[in-house]
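The report below is meant to be read alongside the sequence and the coordinates. Please keep both at hand.

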Amino acid sequence: MGSNGNHCSFVLLAEFHIFEGAQLKYQFPQPLGVDEGVLAMSMLPDGAEMQQDDWTVFFLNQTSFNTISPVLALETPETKAVPLPGEQDESPRDKPDLLCVLNLVRTKHDKTLNRGAKVLALAICTRHPFIQIFKPFLLMALDDYFSDPSQDCLARLFDAVNAMDLSGAPLLTRQEKVVMRSSERKDIFSEKLATREPNWNGNNPPLGAKSILQHKSTNSGESYLSFEGDLFSRQRQEENRSRERELPPPPDRDTATASSTSTQSSANPDSPSDASFSLGGSAVWVGDDSGLDLAAGKDAGDSLSVLSLENNNMMAVSSRKRRSTDASSLSSLTQTKDMMARAAGTPMLPYLDLHSRPGLAKDTHFYHTTVAYKDHPIPIKMPLFTFPEEVGDYSLITLFKEFSSHQNVSGPQHPHLHTNGPQTHPIIILFNALVTGKRIIFLGHRRPAGEVSSFVLSACALGSGCGAVLRGFIERAFPYANLNNRDEWESVPAYIAGVTNPIFESLRAWDLLLVIGAGSITVAKDIHTTYPVTATPSLGTSVLSRSGTLKAEPSITSEDGDLPRVGSNQGSRPDFFKSDNNADKVFIEDIRSAIDDHFGESVVRMRFTEYVTRFVRLASRYEEEVTGSTKIGHPSSSFLEQPGRRAQLGSGIALSDEAASMKELTANAQRIEAWRKTNSYQYCVADFAKFQANSAIRGFDVMHQLIRLRHGKALIDAEAALIMRTFADNVKTYEQVIELLAFLIPHGGGLIPLGFGLFHQKESVREATIDLFNQLRAYPVGVLFLQSLNHFQRYAYVRQAHAREKRILNEQQQLLQQQHTAQPLPTRAHSNSIVGGGLNGHAY
């Protein structure tokens, strides 16, 4: 994103006139060409005078009534808009870019005025979905306007926003964004923010040396010490300092090297020297940051490698319990290594910390910059992981808490919405309404318009899987709508609108009404007339033909996914009410547990992303069963091994057995059929075709293999070996590594499912796992994921890779010795010695 990108297209100012109502006073730098009354009413919501400050969001260029037509061209070669980092322009060439409008409404009470208050609204129009970063600009600009009411304030705001320099922001691909948002580490992809790019060429670091410019980070969990933990850490630091005082003075360099080597050899004569295998630092298996510092020079890699230092440290404290790996012990370990290195005469090179600040490094999830507005520096944190379907600040946790009671659901039941009958959770009803293209209204009577807008944006994120799976929701969303342009936005098919006027409840121009505050959901009485239920194709024959070959894929988190049916008095209700959609139930319980256990918004978002991903994979399987092929996923097949032929990996979603297949496909048949008629489905077809064309890992279904490793009940050795070998052979480049890690989100276990291959009974599986981990280790993000392995897996990886390294070195040494032995010794022409004949009695 260039520094001269057109971040702000327009600045608008509206005010409420006591006689004329809402009026659009200024449009800068030129008129938009949109009905001024529509803009003014959108900027001054109903009940704005009851709120001191309120925020609203609306969009332009959605339909004909709000499409801008400025007199002058918006884009010049100098100000042409640039797509988001890592995002390609998906809109057709003849379709204008969607403009997000962030609006600040302020009521300033003044008894000298006729109505005792003055209501003003200031808005900026931008192409960026992360509109929340512009809030400080609007706050300062509106204060500026109240003190100096002139168009110059709008010009200063316009210039300040467009002066924002985002040229240093890294360009992240979709997979990199998924990896970033799934990780809580504040140093993820920190190498992309470096001024000096490291040479990550896909090769492992040389033996006995560490890679430079790697991460300096906290532990993977990113949980800072509590008060009690701080007390324990201080106690451990005191113990470490007392033990350091008891240690004998360090010998000189040669003595230290000889002593270290002899001690290691006597402790384990069969293990190779630690200097021969560094793994880019021991951070991989002890969970600290020591392996991520800058290399300490060639001599340090030879004589005082990281593993040697840590082994010495561990032997020095071997009299107590196993060495701790928390933050306090890490700091003491770093001090100990620095002391030993200095004593050995090794020059310590400082690591490069590009974003250091006291106590806490800057979070690399955001691009940090500063913009000056009237000589006031405004810090900006631009999120790097935002997708176009995620606009502004939204909260899925707030959405879930507001609409979480079955008792608040009223109206008729419809198979498009109630996939689990009367037990369908309200959030699932909302999701089904979103993906099946129903008209949805969020009503917030006497609520701030900003709160209503936030619920609409949260619903769009819910339907799209937080922007990472589906799209097509923002283009039909109206976060704040009013009566003034009701006919226009109600003409948009499957609109998602937020209103504050209670009259919309009685107008009945909706299919699903959600009342904010009451937490109630109402289904329209005439929904069966508007959307008649059609018969779905029979699934019995096709599912029966597959039942003997497909393996089990769990329902979201459980391995089996079979839960007891809720409610046994089904009576004579339709068949879709008798179904028990276990995946939805497990998902809702998981979300509720995550919220009750105070997990953050990022974890909840990732769970919704997984849910939408699984819905698409299930729809792909349904499409394949009905039509014989699928356009939105890999074809469903199981692992196939035949004598004399090469084994084939499975693909697609896989259900446990015939009964589970019939139950889940039947329960979802109606909403899948309805979804296939929407624009969202067409976008999904195009996105999957593009993914297949540009995918770095080709030829097999990555997610299917990971599901088999995580939850496979009867995973035979041949399948495990083929999966691991396929990963090892096809995950080598940086793009392939990122694509694999995008499926291995940390809160789902990260690399742990792959790490179990280190303990497999077949040597080929273990060797393939080591190859894969070595290839991941070649990149900084792979090192971070390797650190998330548990201690047993990290130790197994280091031990086995260490042993293989030793075996390879021994084989190379034996080969060199054989070649040296086989070479003829130098002889003189006049010599009668038999040496010239070679050691084997003949010359070479």
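What follows moves from the chain as a whole to one helix pair and then to a few single residues.

The model described here is predicted. Its chain has 844 residues, of which 52% are buried, and its secondary structure comprises 29 helices and 13 strands. Among contacts with a sequence separation of 6 or more, 73% are between residues 24 or more positions apart.

**A helix pair**

Helix 4, which spans residues 174-182, packs against helix 25, residues 734-741, at an angle of about 50°, and their axes are 8 Å apart. Because of that angle, helix 4 is oblique to helix 25, and the crossing of the two helices is left-handed. On the side of helix 4 the contact is made by Q175, E176 and V179, which meet Y734, I738, E739 and L741 of helix 25. Sorted by class, the residues in this contact are four nonpolar, one polar and two charged.

Helix 25 is itself mostly covered, with seven of its eight residues buried. The buried residues are Y734, Q736, V737, I738, E739, L740 and L741, and those that meet helix 4, namely Y734, I738, E739 and L741, are found in that list.

**Backbone features in loops**

Two residues other than glycine, F189 and R446, have a positive phi, and the table sets out their values and places.

| Residue | Phi | Loop | Relative accessible area |
|---|---|---|---|
| F189 | near 55° | between helix 4 and helix 5 (227-246) | 2% |
| R446 | near 60° | between strand 9 (440-443) and helix 13 (449-464) | 62% |

Are these residues buried or exposed? F189 counts as buried because its relative accessible area is 2%, whereas R446 counts as exposed because its relative accessible area is 62%. The loop that holds F189 begins after helix 4 and leads to helix 5, so that the description returns here to helix 4, the partner of helix 25 in the packing described above.

A further backbone feature is the peptide bond from F28 to P29, which is cis, with omega near 5°. P29 belongs to the loop that runs between strand 2 (21-28) and helix 1 (36-43).

**A buried histidine**

H7 lies in the segment before strand 1 (10-17), and with a relative accessibility of 1% this residue counts as buried. The side chain of H7 is joined to the side chain of H128 by a polar contact of 3.0 Å.

Technical notes: Residues numbered from 1 in each chain as written. Predicted model: local features only at pLDDT ≥ 70, side-chain atom pairs only at ≥ 80, totals over all residues. Heavy atoms only, no water. Axes fitted to C-alpha atoms, helices over the stretch in contact; angles between N-to-C directions. Helix = DSSP H or I, 4+ residues; strand = E, 2+ residues; numbered from the N terminus. Parallel < 35°, antiparallel > 145°, perpendicular 65-115°, else oblique. Left-handed = near helix turned anticlockwise from the far one by under 90°. Contact = heavy atoms within 4.5 Å. Nonpolar A, V, L, I, M, F, W, Y, C, P; charged D, E, K, R; others polar. Buried < 20%, exposed > 50% of the residue type's maximum accessible area, 1.4 Å probe, protein only. Polar contact = N/O pair within 3.5 Å; in protein donor to acceptor, adjacent residues only side chain to side chain.
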